[in-house]
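Colleague: I'm new to this one and don't want the whole tour at once. Please pick a single part, look at it closely, and then tell me how it sits in the rest.

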Amino acid sequence: MNKIILGSDIDRVKWDSLVEKYQGPGQFFHFSWYLDAVCPAWMAFVHGDYEAIFPIVSQSKYSLSLFVQPIFTREFNVIGEPSSLATISELTRELLGHRFVYFGSSTDFRQSDWKVSSRKYQGVQLGMKYDNLYKNYSQNIKRTLKKAKECDLEIKELDNPLALIELFINEKGKQFKHLGKKEYDAIYQLMINGKEARCAHQLSAYLDGELIASSFYFRAATSILFLKGAVNEKGKAIGAMVALHNHVLESHCESHDYFDFGGSDDKGLREFNLKFGAIDVNYLLLSSNRIPWPLKSWVDKKYHINA
């Protein structure tokens, strides 16, 4: 039996317990505390007694129903064991009941019902000793780590999400003009929720007592997700962000199985991630647009549907 459950009625213990056991792509994006931050009005598609689950992030705009991947998430997947293809078919019908649908997924939905394009993110396979992990680093990363060490870069645990957000705004705010107060409030709440769930890990790099870089990660039993980082010009000059990533990888390379960079098709970010021995992982971007013309064309252009 499948049902749609309102956010207030979701059994968070059962939901998060299933997500915790999930070792597939995009685990963190499915935790209830994560969804609460990025889409407070989310609902749930549930099969049986939480045997399989999927987030429903419906919204209404211009009197039209939309299902759009929330910011700071990459993909939504069916987690658990649906009893049959009928469950996937019913979920597909539920999603296509929206006038516009746009989300990433690694679940095998029936592709004939969607416009489909391929996207990628980068991840590092862990579960090995640091010496073996280090061998997969590029020569550029190894040289940068040596430079950071020679500069006596100090890395500390930091419980201050606002410090990272302020650093990000100061250094990248003009570049990321699509991020406004609503988006910064969401990422702040996401960091707070992660800390309350005891899944968060924030690091900062200091040079002569000055904060020059900060990065934020989420940790589950077997995987780690890089959420956001920021670095100033001094930090860039000595590879502070490289040092922060390396610190996390070195600290967890034996205790965890996977490090998720969050990923990007952006050429610069992708190349940076790959230098840590990461590999590209593909997922699908699924969309369906039944919005009346001319708004249909505007939405297609906004989301690069035909790109």
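Modeller: Let's start with a term: two strands count as paired when DSSP finds at least two bridges between them. Keep in mind that this is a predicted model.

My pick is a hairpin. Strand 4 (residues 58–61) runs antiparallel to strand 5 (residues 64–68), and four bridges hold the pairing. One spot to look for is Ser 58, whose bridge partner in strand 5 is Phe 67. Two residues lie between the strands of this hairpin, and Tyr 62 has a positive phi near 55°.

Now zoom out a bit. The hairpin belongs to an open sheet of 10 strands with mixed pairing, in the order 4-5-7-14-8-13-12-11-10-9. Strand 4 and strand 9 (154–157) are the edges; each has a single partner strand, so one side of each has no neighbour in the sheet. On average, neighbouring strands here are turned by 30° against each other, if you ignore direction.

Further along the sheet, strand 11 (residues 210–219) and strand 12 (residues 223–231) run antiparallel, joined by seven bridges. There you'll find Ser 215 opposite Gly 229 of strand 12. Helix 6 (residues 161–172) packs on this sheet, where it touches strand 10 (200–207), strand 11 and strand 12, and its direction is at about 55° to that of strand 12.

From there, hop over to Tyr 188, which sits in helix 7 (residues 181–196). Setting aside residues up to four places away in sequence, Tyr 188 touches Pro 161, Leu 162 and Ile 165. Its relative accessibility is 31%, which is why Tyr 188 counts as partly exposed. For a sense of scale, the C-alpha atoms of Tyr 188 and Gly 48 are 34 Å apart, with their positions 140 residues apart along the chain.

There's also an open sheet of four strands, paired antiparallel in the order 1-2-3-6. Its edges are strand 1 (2–5) and strand 6 (79–80), each pairing on one side only. Strand 3 (residues 52–56) pairs antiparallel with strand 6 over two bridges, and Ala 52 has Gly 80 of strand 6 as its bridge partner. Helix 1 (residues 12–21) packs on this sheet against strand 2 (43–47), strand 3 and strand 6, at about 105° to the direction of strand 3. Helix 3 (residues 85–96), by contrast, lies across strand 1, strand 2 and strand 3, and runs at about 5° to strand 3.

What about the inside? In soluble globular proteins, nonpolar side chains tend to be buried together. Here the largest nonpolar core has 58 residues, and those touching the most other members are Trp 15, Tyr 34, Phe 54, Phe 109 and Phe 218. Leaving out neighbours within four places in sequence, Phe 109 contacts residues including Phe 54, Val 78, Ile 88, Trp 114 and Leu 286. Apart from that core lies another of 31 residues, with Ala 213, Ala 240, Cys 253 and Phe 259 among them.

And the whole chain? It has 11 helices and 14 strands, and 51% of its 307 residues are buried. The radius of gyration is 20 Å, which agrees with the value near 19 Å for a compact globule of 307 residues. Among contacts between residues at least 6 apart in sequence, 72% join residues at least 24 apart.

Note on methods: Residues are numbered from 1 along each chain as its sequence is written. This is a predicted model: local features need pLDDT of at least 70, side-chain atom pairs count only at pLDDT 80 or more; totals for chains, interfaces and linings use all residues. Side-chain values use heavy atoms; hydrogens and water are left out. A nonpolar core is a set of buried Ala, Val, Leu, Ile, Met, Phe, Trp, Tyr and Cys residues joined through side-chain atoms within 4.5 Å. Buried means under 20% relative accessible area, exposed over 50%, partly exposed in between (1.4 Å probe, protein chains only). Contact means heavy atoms within 4.5 Å. Axes are lines fitted to C-alpha atoms, for helices over the stretch in contact, and angles run from 0 to 180 degrees between N-to-C directions. The radius of gyration is taken over C-alpha atoms; the globule rule is 2.2 Å times the number of residues to the power 0.38.
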